[in-house]
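Visitor: I would like a close look at one part of this protein. Please take me through its sheet and whatever packs around it.

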Amino acid sequence: MNAVLSGITAEALDPAALCARIGDDRAGAVACFVGVVRNHDAGMPVTAIDYSAHPAAGRVLDGICRRIAAREGVHAVGAWHRTGGLVVGDVAMVVAAAAEHRGQALTAVSDLVDLVKAELPAWKCQWLPDGSHVWSGIA
């Protein structure tokens, strides 16, 4: 059975601690991705982001992780996403995968991030320097 850990949280994420939880003696590689709030988006300056998530977001994130963990050579997967107010430089997401080989681990992490962006029912309100805001992730 492959390990799957995930969570949606308003608490600060500790990338080193979370990535350390994704290990397996069968794995020859552990890949970690840390997504941080940047100071711009689509040519606009950004000062902060407010993340919100649907109550089912935790289940959706767990399902995404399980799909990735079922891949051949992947032994453990973890993904955590923040909610609440974050400023530039804050950690918004941590994703990690342990796999037989580095290519499997790196691909697992990249694909998991893409699936989170496409499927996780979470939205962000980006705050601009003039006090206005722009929502994204709203269909």
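What is the order of the four strands in the open sheet, and what kind of pairing do they have?

Guide: Bear in mind that this is a predicted model. The order is E1-E6-E8-E2. The pairing is mixed, and the sheet is open.

Start at the edges. Strand E1 (3-9) and E2 each have a single partner strand, so one side of each is left without a neighbour in the sheet. From one strand to the next, the twist averages 5°.

Now take the pair E2 and E8. These strands run antiparallel and are joined by eight bridges. Within this region, Gly-35 stands opposite Met-93 in E8.

Two helices pack on the sheet. H2 touches E1 and E6. The direction of H2 makes about 155° with that of E1. H3 touches E2, E6 and E8. The direction of H3 makes about 145° with that of E8.

Next, the nonpolar side chains. In soluble globular proteins, such side chains tend to be buried together. Here the largest nonpolar core has 25 residues. Val-77, Val-95, Leu-112 and Val-116 have the most contacts inside this core. Strands E2 (29-36), E6 (74-82) and E8 (91-99) each give two or more residues to the core, as do helices H2 (57-69) and H3 (102-119). H3 provides the largest share, seven residues.

Val-77 deserves a stop. Set aside its neighbours within four places in sequence. Val-77 is then in contact with Ala-3, Val-4 and Leu-5, among others. Its contacts also include Cys-65, Ile-68 and Ala-69. Ala-96, Ala-97 and Leu-112 are on the list too, and so is Ile-22.

Ile-22 leads elsewhere. A second, separate core has ten residues, and Ile-22 is one of them. Leu-13, Trp-80 and Val-91 are also included in this second core.

Finish with the open space. The largest pocket holds about 540 Å³. Its lining has 24 residues. Tyr-51, His-81, Met-93, Lys-117 and Lys-124 lie nearest the pocket's centre. Met-93 is thus a familiar name: Gly-35 stands opposite this residue.

Several elements each supply at least two residues of the pocket lining. Among them are E2, E8 and H3. Strand E3 (40-41), strand E5 (48-53) and strand E9 (122-127) do so as well. H3 gives the most to this lining, with five residues. H3 also provides the largest share of the largest core.

How values were computed:
Residues are numbered from 1 along each chain as its sequence is written. This is a predicted model: local features need pLDDT of at least 70, side-chain atom pairs count only at pLDDT 80 or more; totals for chains, interfaces and linings use all residues. Side-chain values use heavy atoms; hydrogens and water are left out. A nonpolar core is a set of buried Ala, Val, Leu, Ile, Met, Phe, Trp, Tyr and Cys residues joined through side-chain atoms within 4.5 Å. Buried means under 20% relative accessible area, exposed over 50%, partly exposed in between (1.4 Å probe, protein chains only). Contact means heavy atoms within 4.5 Å. Two strands pair if DSSP finds at least two bridges between them. Axes are lines fitted to C-alpha atoms, for helices over the stretch in contact, and angles run from 0 to 180 degrees between N-to-C directions. On a 1 Å grid over the protein atoms alone, a cavity is a set of points where a 1.4 Å probe fits but cannot get out, and a pocket is an open set with protein on both sides within 12 Å along at least five of seven lines; lining residues have an atom within 4 Å of a point. Grid points are joined across faces, edges and corners, and a volume is the space filled by probe spheres set on the points.
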